[in-house]
Structures are given as C-alpha cells and as structure tokens.
Amino acid sequence: MKLTKKSHACVRLEKDGRTLVLDPGMFTEEDAVLGADALLVTHEHPDHFDEGRLRAALDANPAAEIWTLRSVADRLAPAFPGRVHTVGHGDAFTAAGFDVEVHGELHAVIHPDIPRITNVGFLVDGAVFHPGDALTVPGRPVDTLLLPVMAPWNKISEVIDYVREVRPRRAYDIHDALLTDLARPIYDRQIGGLGGTDHQRLASGASAEL
C-alpha cells in the first residue's frame with residue numbers, strides 16, 4: 001500500500017490501482033480528491049470535510065463513493081443517491097478494494113462549553129488507522145497510526161500517551177497545519193523520544209510504501 005500525505009488531516013492510500021482518500025478539508029489541496037475511487041470522512045468540521053471537494057470527486061468519477069457519519073452523509077446523499085453511505089462505530093465494509101473498520105463515536109473535548117459532535121476513526125486493511133479528531137484506541141494492533149499531532153483539543157503529553165497506548169509500529173503526523181516549522185523539532189524530539197515507536201512525518205505530497 002502507498003500512503004501519500006496531503007495537507008493537514010488528508011491522506012491518500014493506493015493499492016492495486018485504486019485510490020482511497022481520507023478527510024479532504026479546507027486546508028487540503030484541491031486536487032487531493034481527484035482520481036479517488038472511494039472517500040472516507042471522519043466528521044463534519046471543515047478542516048476534515050470540504051463539501052465542494054467531495055462533490056468534485058464524485059462528479060469526476062461516477063463510480064466513486066463516500067463512507068462517513070450521518071452529519072456529513074445527510075448533506076451529500078440527496079445529490080448522489082446510492083453513493084453516500086452512513087457508518088458508525090463497529091461497522092465494517094469494503095471500499096474500492098480496501099477493507100475498513102469503523103472505531104469511535106465522539107470528537108475529543110475542545111472545551112466543556114462546546115457541545116461534542118460525532119467522530120469516527122477508520123482502520124484500513126487492518127493496518128492504517130486514521131482517528132479523525134479523537135484519540136480513539138481501536139482495540140486491536142495497528143501497524144501505522146496517523147497521529148493528530150497538533151489541534152485545539154490536544155496537548156503534546158496526550159499525544160505521547162496516545163502513541164504509547166496504541167503501540168503502532170510507526171506513526172505519521174497528520175492534523176499539522178497549525179504547527180509551525182519552528183516548533184516541529186520540539187514535537188519530533190518529544191514524540192519520537194517518549195512515544196516508544198517509529199515517529200515520522202511526511203511533507204505534503206510526499207509518499208511512503210507501507
């Protein structure tokens with residue numbers, strides 16, 4: 001499987017000539033969704049869900065489909081009947097040849113005064129886990145964790161403890177648009193030194209073979 005990092009929380013996974021795109025949002029390049037055979041969206045926040053980009057992907061490929069939670073699906077399903085699928089915690093499905101499990105139910109707490117919304121994580125082919133905006137532990141071994149490294153709802157000690165609890169073989173940074181280049185070495189050193197796993201990051205557009 002080939003993993004390509006796109007800006008912020010979006011990644012592209014490619015296998016056997018097919019492409020799965022996760023969480024294309026407002027910070028993501030407009031071309032991130034083009035050529036997608038399937039798309040997964042963890043929740044409705046605009047840095048993960050850009051309706052215009054998703055509509056463009058579905059228009060460009062009439063066979064493309066989306067799997068997401070109800071708050072997102074309700075906004076897209078009327079225009080694309082039969083191509084937008086609602087999923088929740090415990091579900092499993094196949095999308096463009098990728099086997100996907102759904103883990104998690106709620107967005108992490110931003111502030112007690114802000115109501116929590118739903119959020120799901122996706123485990124792809126039993127190997128790559130994208131948690132969205134939560135520190136969800138999938139309850140089974142994970143080879144590659146896509147790590148939300150910087151967000152209004154987390155702090156670095158929580159990120160380190162999350163890596164320790166999931167215990168992936170490797171972790172790649174996502175949710176990093178708010179992290180300046182000046183701070184990168186601090187995060188790399190602390191997560192890499194204390195997380196107990198192979199911690200890596202990819203520049204937008206860079207790829208790795210998993």
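Okay, so Leu-178: you'll find this residue in the loop that runs between strand 12 (170-174) and helix 4 (184-194). Keep in mind that we're looking at a predicted model. Is Leu-178 buried or exposed? Somewhere in the middle: its relative accessibility is 43%, so Leu-178 counts as partly exposed. And Leu-178 has company, because buried means under 20% and exposed over 50%, but a patch takes in residues with over 30% relative accessible area. Together with Met-26 and Phe-27, Leu-178 makes a nonpolar surface patch of about 270 Å².

Now let's go inside. The largest nonpolar core has 43 residues. Which ones have the most contacts inside it? Those are Leu-13, Leu-20, Leu-39, Leu-40, Phe-93 and Phe-122. Strand 4 (residues 38-41) gives this core its largest share, four residues. Take Leu-20 as an example: leaving out residues up to four places away in sequence, Leu-20 touches Ala-38, Leu-39 and Leu-40, and its other partners include Phe-98 and Val-124. There's also a second, separate core, with 16 residues, among them Val-166, Leu-179, Tyr-187 and Ile-191.

Last stop, Thr-68, which sits in strand 5 (residues 65-68). With a relative accessible area of 0%, Thr-68 is buried. So what does its polar side chain have to talk to? A polar atom of that side chain lies 2.8 Å from the backbone oxygen of Val-41. Val-41 also shows up among the contacts of Thr-68 once you set aside neighbours within four places in sequence, along with Ala-73, His-85, Thr-86 and Val-87.

Note on methods: Residues numbered from 1 in each chain as written. Predicted model: local features only at pLDDT ≥ 70, side-chain atom pairs only at ≥ 80, totals over all residues. Heavy atoms only, no water. Patch = residues over 30% accessible without salt bridge, like charges linked within 9 Å, V, L, I, M, F, W, Y side chains within 5 Å. Areas by Shrake-Rupley, 256 points an atom, 1.4 Å probe, with all protein chains shown as cover. Salt bridge = Lys/Arg side-chain N within 4 Å of Asp/Glu carboxyl O. Helix = DSSP H or I, 4+ residues; strand = E, 2+ residues; numbered from the N terminus. Buried < 20%, exposed > 50% of the residue type's maximum accessible area, 1.4 Å probe, protein only. Polar contact = N/O pair within 3.5 Å; in protein donor to acceptor, adjacent residues only side chain to side chain. Contact = heavy atoms within 4.5 Å. Core = buried A, V, L, I, M, F, W, Y, C linked by side-chain atoms within 4.5 Å.
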